[in-house]
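Here's a quick tour of one protein model, going from its charged pairs to its cores and a couple of its helices. Have a look at the structure first, then read on.

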Amino acid sequence: MNLDGLNDVQRNAVLATEGPILVVAGAGSGKTRVLTHRIANLVEAHDVFPSSILAITFTNKAASEMKQRIESLVGPVTSQMWVGTFHAICVRILRRDGDKIGYSSDFVIYDTTDQKALVKSCYKTLGIDEKMTPVKSSQFKISAAKNDMISAEQYERDHHGDFREREFIKLYKLYQEKLKQNQAMDFDDLLLKTIELFKTNPEVLHYYQKRFRYIHVDEYQDTNKAQYTFVRYLSANHQNLFVVGDGDQSIYRWRGADIRNIQEFEQDYPGAQIFKLEQNYRSTKNILSLANSVIKHNPGRREKNLWTEAEAGEKIQYYLAYEEKDEARFVLEQIKKKIRDEDYKRSDFAILYRTNAQSRAFEDAFMLDGMPYKVVGGAKFYDRKEIKDLMAYLKLIVNTQDDISFQRVINEPKRNLGDKTVEKIQNHAAMLGVSMLDACRKAAEIEGITGKALQNIEAFYEMIMGLKANLDTHFVTQIFDGLIEKSGIIEAYEREGSIESDGRIDNIYEFRVVIEEFEKRSEDPNLRDFLAETSLMSDQDSLEDENNSVLLMTVHASKGLEFPAVFIVGLEDQLFPSFRSMDDEEALEEERRLCYVAITRAEKLLFVSHARNRNHFGRFEARQPSVFLKEMAPEFMEGLEEKKFAQTFPEPKTKPVSFFDIKPQKKQGKSTVKVGAEPVQEKMAIPENSGFKTGDKIMHKAFGTGMIVTVDKDKDTLTIVFDAHGIKKLSASMAPIKTIG
DNA sequence: CACCCCCGGTTTTTT
DNA sequence: ACCGGGGGTG
């Protein structure tokens, strides 16, 4: 094991193998390096089985990056390790052993939209008024309880006799019941149900404890109680727990993260060894000094003395804008200047803001100027209605118990099945104690449903069940193509004929590409796993660097990333720090950490700006500078001339429309170029004769690899010589085959 | 009973 | 962009 590239502290942390270990890793101090080298060292120098290694991260992106870096050190055995997010690892465990707590391995995952629909349906049952109790607040309250590991029953015991909580207690209980009935889990449940599994099935817990001899957790400061408990269970016997984190970068308190988990690590795990990584390899002295000048205002933090050997570098550039358009213009001009005069490229720049809504002014300015940019997060691909609809279809195909997905798609596209009919199906299902889809099996028995509506329901049932019958024999793309064809979703959008529906059709094809990519990448591509993967994917994960665009994102989304040049914008009172943190000291400290995270993303150049005025809720408001600006030590900063950028700038040529009307740029490589009157059909690779030719190497789901020796297009028949199963004649459109590179 | 169009509200951070 | 409500139409 070559440890030459590591400094002393890093090397000592890597070489400490047994027992609980905390690595306090300041920003840019090489924590991923330590983590990956430690894992490599275990495997290479201590003969630890790769399958005994568990490494947990918060985002998929961090997980795949870690996997790659481990692989570059120890090679393909990496695939035997479990490296993933808390949620993904819990899904994996629950797929295997969830049956022991009453969940089928086909359970589906509910995202926040599904969750919202479920809460609403509970409201309906309980007669709760949305205007009195906003659905969002209930969602939040349920999630907060779950993050603290308070079950509905526990919540009831805790608030016994409190009449203000009676409604919520009923709601929480019903919500959990319905989740179970639907064989569904929300994000928080993935953790909680895994813990429940460990609690109630000691032999299952024992299996995983024995299997995962070495456990690693990245960003430990962001763990909540459930995540803490999950790790505690797994490490209880051998205590080989290696956690890496930085209290100064804890920014998820609102999501239940408890900074005490890292602060009290030594008490929780007696005998823990502690290593402090304090040398920063990322930023210039000026940037680091500025970061320190801000974070030192937080009381009670673990003392850390981050230092660097790097040069002082340029001073931090400060700018006060007239209003947000001016601020955007300033950023644009600076980027253009740096690209023109120095050796910077567009993708070296990141613009970091507190709220997603702030991206708009920058998008307008960049679009007007033709500057390529990419917004990370914000309007998400997977949040599009048509994608959500298709996801719901696929979820229903996998899990027919899922009433929420059923209700989403039963009348999408329009089948003349409105609210009243859906209600009748629901009542009938409740009476029989079955799912809504099951109730449609004998739709004729549902009271008050006849004629056209009855036929449509029957056809819907047949469609879903027909597609489901192919689950184990067909590729996901084939099921998807079947769904597109049978549901008529494309035709419905074509009939609309609007620009908007064209966009939706494009998105559907783009979604198909996502599925194709999943199939290529996955060893055993199945719909269940595709759905789980997509449900747990965040937009940060799809971030690809080299497309040479300026990046726009929230500070939260920037965590774990670094950029040569960073703009921190909107440093105003009530915005950053957020107005919600004003009367709460702990919340303000978290905002300050957020500011610290933002500053420490920068390698060479840092710009900070704010505006005198800002459009807010449609009003033009005067703004005050952020308290964090005042905390930034002025000796590391210099102001730029304000007036130069304060001239009036042309309005974007786009029609002035709603605040939310943001037009994201097409993702590179995925956008479809429109060519004349090209028939839509040709854009989609339909299974029939989808480009198989003689000599193609193929993979069959059951027969394995083989080669095509003849193609009979008219008869849709392929003759294939399989490596292990001899010669077979198969249907090009029906057989589960795909070409392999 | 279902559909369509128009209008208004939405704006912290997200696995 | 999406959702929900209101009101008109078929």
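## Ground rules

This is a predicted model, so local features need pLDDT of at least 70 and side-chain atom pairs count only at pLDDT 80 or more, while totals for chains, interfaces and linings use all residues. Residues are numbered from 1 along each chain as its sequence is written, chains are lettered from A and ligands numbered from 1 in the order in which they are written, and side-chain values use heavy atoms, with hydrogens and water left out.

## Salt bridges

How many salt bridges turn up in the whole structure? The search finds 47, a salt bridge being a side-chain nitrogen of Lys or Arg within 4 Å of a carboxyl oxygen of Asp or Glu. Lysine 100 pairs with aspartate 97, with 2.8 Å between the closest N and O atoms. Aspartate 97 is buried at 11% relative accessible area, whereas lysine 100 is partly exposed at 36%. Here buried means under 20% relative accessible area, exposed over 50%, and partly exposed in between, with a 1.4 Å probe and protein chains only.

Two more pairs sit within helices. (Helices are DSSP runs of H or I, at least four residues, and strands are runs of E, at least two, numbered from the N terminus.) In α17 (residues 385-398), lysine 385 and aspartate 389 are four residues apart, about one turn of the helix, and their side chains meet at 2.7 Å, N to O. Lysine 385 is partly exposed at 33%, but aspartate 389 is buried at 2%. In α27 (residues 585-599), arginine 593 and glutamate 590 are three residues apart, again about one helical turn; their closest N and O atoms are 3.2 Å apart. Both ends of this bridge are buried, arginine 593 at 7% and glutamate 590 at 8%. An α-helix has 3.6 residues a turn, so residues three or four places apart point the same way.

There's also a salt-bridge network, which links Lys31, Asp218, Glu219, Asp222 and Lys559.

## Two nonpolar cores

A nonpolar core is a set of buried Ala, Val, Leu, Ile, Met, Phe, Trp, Tyr and Cys residues joined through side-chain atoms within 4.5 Å. The largest one has 52 residues, and Phe406, Ile425, Phe460, Phe511 and Leu527 touch the most other members. Helix α17 gives this core its largest share, nine residues. A second, separate core has 42 residues, among them Ile89, Tyr103, Leu191 and Val231.

Back to isoleucine 425: setting aside neighbours within four places in sequence, its contacts (heavy atoms within 4.5 Å) are Phe406, Met436, Ala439, Cys440, Ile446, Ile449 and Ile457.

## Helix α5, end to end

The 15 residues of α5 (residues 112-126) should span 21 Å, and the end C-alpha atoms are indeed 21 Å apart; the expected span is 1.5 Å times one less than the number of residues. At the N-terminal end, aspartate 111 acts as a cap, with a side-chain oxygen 3.0 Å from the backbone nitrogen of threonine 113. After the helix comes glycine 127, with a positive phi near 70°.

Which residues of α5 are buried? They are Asp114, Gln115, Leu118, Val119, Ser121, Cys122 and Tyr123. Their cover includes β4 (108-110), α6 (135-147), α8 (163-181), β5 (184-186), α17 and α18 (403-409).

## Asparagine 286

Asparagine 286 belongs to helix α14 (residues 285-295) and is buried, at 8% relative accessibility. Beyond neighbours within four places in sequence, asparagine 286 contacts Ala312, Gly313, Glu314, Lys315, Ile316 and Phe636.

Methods: A polar contact is a pair of N or O atoms within 3.5 Å; within protein, one must be able to donate a hydrogen and the other to accept it, and residues adjacent in sequence count only if both atoms are side-chain atoms.
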